[in-house]
Amino acid sequence: MNSEPAIFRALMSVIEDRKIQMPEKSYTTRLFAEGLPKIGAKIREEAGEVIDAAGEPGEAGHAHLVHEAADLIYHLFVLLGYKGIHLGEVEAELARRFGISGLEEKASRPPKPPED
């Protein structure tokens with residue numbers, strides 16, 4: 001299937017448009033209106049559902065994982081749209097990391113400030 005980048009871009013375009021137009025009968029609009037706490041809670045919820053579905057056996061488990069992964073990606077895209085981050089920025093960051101060991105890339109990051 002060669003439609004992955006196209007559907008991701010189309011989805012992000014709709015989400016960005018929802019942020020501008022804010023149509024009343026839109027779930028995305030409702031998430032934007034409720035802000036980061038609601039969007040973040042949905043991402044946490046969907047991430048848990050992805051992990052749970054990954055442990056389910058057989059074709060039903062496979063289908064459930066695909067469904068939950070789509071939900072997680074959608075909510076992540078909503079967060080990106082809410083914060084004004086374009087999909088191209090994420091793609092550029094992934095491209096920057098491509099071909100670099102994950103351990104090497106992580107080691108090159110500046111240290112995180114201590115938490116209070």
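**Charges and rings in a predicted model**

Modeller: This is a predicted model, and the count in it comes to five salt bridges. Let's start with Lys-42 and Glu-45.

Biologist: What makes the meeting of the side chains of Lys-42 and Glu-45 a salt bridge?

Modeller: The N to O distance there is 3.2 Å. The rule asks for a side-chain nitrogen of Lys or Arg within 4 Å of a carboxyl oxygen of Asp or Glu, so the pair qualifies. In general, side chains of opposite charge can pair when their charged atoms come close.

Biologist: How are Lys-42 and Glu-45 separated in helix H2?

Modeller: They sit three residues apart in helix H2, so about one helical turn separates them. Lys-42 and Glu-45 also belong to a network of salt bridges that takes in Glu-46.

Biologist: Why is Lys-42 called buried, and why is Glu-45 called partly exposed?

Modeller: Lys-42 has a relative accessible area of 13%, and buried means under 20%, so the label holds. Glu-45 comes in at 37%, which lies between 20% and 50%, so this residue is partly exposed.

Biologist: Over to helix H4. How do you know that Glu-93 forms a salt bridge with Arg-96, and with Arg-97?

Modeller: The closest N and O atoms are 2.7 Å apart for Glu-93 and Arg-96, and 2.8 Å apart for Glu-93 and Arg-97. The limit is 4 Å, so both pairs pass. Along helix H4 (residues 87-97), Arg-96 is three residues from Glu-93, about one turn. Arg-97 is four residues from Glu-93, again about one helical turn.

Biologist: And why does Glu-93 count as partly exposed?

Modeller: Its relative accessibility is 27%, and partly exposed runs between 20% and 50%, so Glu-93 fits. Arg-96 at 45% and Arg-97 at 32% get that label too.

Biologist: Now the rings. How many aromatic pairs does a search of the whole structure find?

Modeller: Three. One of them joins Phe-8 and Phe-77.

Biologist: Why is the pair of Phe-8 and Phe-77 called edge-to-face?

Modeller: The centres are 5.5 Å apart, within the 6.5 Å limit, and the planes stand at 80 degrees, over the 60 needed, so edge-to-face is the right name. Phe-8 is in helix H1 (residues 4-21) and Phe-77 in helix H3 (residues 58-82), 69 residues apart. Phe-77 is buried at 6%, whereas Phe-8 is partly exposed at 33%.

Biologist: What makes Phe-32 and Tyr-82 a stacked pair?

Modeller: Their centres lie 6.1 Å apart, within 6.5 Å, and their planes are at 20 degrees, under the 30 cut-off, so the pair is stacked. Phe-32 lies in helix H2 (residues 27-54) and Tyr-82 in helix H3, so parts 50 residues apart in sequence are tied together. Phe-32 is buried at 7%, and Tyr-82 is partly exposed at 28%.

Biologist: Last one. How do you know that the side chains of Thr-28 and Tyr-74 make a polar contact?

Modeller: They are 2.6 Å apart, and the cut-off for N or O atoms is 3.5 Å, so the distance passes. Thr-28 lies in helix H2 and is buried, with a relative accessible area of 8%. Leaving aside neighbours within four places in sequence, Thr-28 is in contact with Ile-15, Arg-18, Tyr-74 and Val-78.

Key: Residues numbered from 1 in each chain as written. Predicted model: local features only at pLDDT ≥ 70, side-chain atom pairs only at ≥ 80, totals over all residues. Heavy atoms only, no water. Phe/Tyr/Trp six-rings, centres within 6.5 Å; stacked < 30°, edge-to-face > 60°. Helix = DSSP H or I, 4+ residues; strand = E, 2+ residues; numbered from the N terminus. Buried < 20%, exposed > 50% of the residue type's maximum accessible area, 1.4 Å probe, protein only. Polar contact = N/O pair within 3.5 Å; in protein donor to acceptor, adjacent residues only side chain to side chain. Contact = heavy atoms within 4.5 Å.
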